[in-house]
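Colleague: I am new to this one. Please show me the structure, and then let us go through it in short steps.

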Amino acid sequence: MAVTKRVVLHFPRSLVDQPIMCRLAREFNIDFNILKASVTPKEEGLLVVELTGESKDYKLGVKYLEKSGVQLQPLSQDVIRNENRCTHCGACVVLCPTEALIVDPATRKVNFVHEKCIACGICVTACPPRAMEIRF
Ligand code: SF4
Ligand code: SF4
């Protein structure tokens, strides 16, 4: 059975120039789609990726990443909405590229659908009361 997961990969400085993702694809048959790439102030590499592979390959691939020193986090842990701050103003809805922020037609409230979020960060800067946060 094939699995597709969106994860955040943290590469320590020593691994930034290593061909880890190439090996993941070649040796573990895992397809990856890079959704976001950046370098943190500590010069660590950070990739938000969608990984797809057969369940068995996926598990082996994740073990390989961890053994190599890459830290994995599920994407949904990293983007959060502070429900106490959100005023449901809707400013983020038109900007979100994946429709992870949508208006519920019944309640007129803005819902955050974690599974669709690619951690692009657009809503973080656009949200007037700073309700959206990304923690990498
Ligand atoms: S922009 Fe911020 S306050 Fe407005 S709906 Fe979106 S998350 Fe809520
Ligand atoms: S970070 Fe915000 S704007 Fe970007 S995909 Fe996630 S919810 Fe949408």
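Modeller: Start with a pair of strands: E2 and E3 are antiparallel and share eight bridges. Strands (E, at least two residues) and helices (H or I, at least four) are DSSP runs, numbered from the N terminus. Two strands pair if DSSP finds at least two bridges between them. This is a predicted model, in which local features need pLDDT of at least 70 and side-chain atom pairs pLDDT 80 or more, while totals for chains, interfaces and linings use all residues. Residues are numbered from 1 along each chain as written, chains are lettered from A and ligands numbered from 1 in the order written, and side-chain values use heavy atoms, without hydrogens and water.

Colleague: Which residue in the turn between E2 and E3 has a positive phi?

Modeller: The two strands form a hairpin, with five residues between them. Val39 stands opposite Gly45 in E3. The turn residue with a positive phi, about 65°, is Glu43.

Colleague: Which residue forms a salt bridge with Glu43?

Modeller: A salt bridge is a side-chain nitrogen of Lys or Arg within 4 Å of a carboxyl oxygen of Asp or Glu. For Glu43 the closest N and O atoms are 3.1 Å apart, and the partner is Arg13.

Colleague: How many residues apart in sequence are the parts that this pair ties together?

Modeller: Glu43 sits in the loop between strand E2 (31–39) and strand E3 (45–54). Arg13 sits in the loop between strand E1 (2–11) and helix H1 (20–28). The pair therefore ties together parts that are apart in sequence by 30 residues.

Colleague: Is Arg13 buried or exposed?

Modeller: Buried means under 20% relative accessible area, exposed over 50%, and partly exposed in between (1.4 Å probe, protein chains only). Glu43 has 41%, so Glu43 is partly exposed. Arg13 has 59%, so Arg13 counts as exposed.

Colleague: How many salt bridges does the structure hold?

Modeller: One joins Arg81 and Glu83, at 3.2 Å between the closest N and O atoms. Another joins Arg26 and Glu27, at 4.0 Å from N to O. Arg23, Arg26 and Glu27 are linked in a network. The structure's total is five.

Colleague: Is Arg81 buried or exposed?

Modeller: Its partner Glu83 has 47% relative accessibility and counts as partly exposed. Arg81 has 13%, so Arg81 counts as buried.

Colleague: How many of the 10 residues of E3 are buried?

Modeller: E3 also runs antiparallel to E1, joined by 10 bridges. Val8 stands opposite Val48 in E3. E3 is mostly covered, and its buried residues number seven.

Colleague: Which side chain does Gln73 join in a polar contact?

Modeller: Gln73 is in strand E4 (residues 71–74), and counts as buried at 19% relative accessibility. A polar contact is a pair of N or O atoms within 3.5 Å; within protein, one must be able to donate a hydrogen and the other to accept it, and residues adjacent in sequence count only if both atoms are side-chain atoms. Contact more broadly means heavy atoms within 4.5 Å, and beyond four places in sequence Gln73 is in contact with Val7, Val8, His10 and Asp78. The polar contact, at 3.1 Å, is with His10.

Colleague: How many charged residues are in the shell around ligand 2?

Modeller: The ligand is surrounded by 13 residues (a heavy atom within 4 Å). The closest are Cys96, Cys117, Cys120, Gly121 and Cys123. Ala, Val, Leu, Ile, Met, Phe, Trp, Tyr, Cys and Pro count as nonpolar, Asp, Glu, Lys and Arg as charged, and the others, Gly among them, as polar. The shell has 11 nonpolar and two polar residues; the charged ones number no residues.
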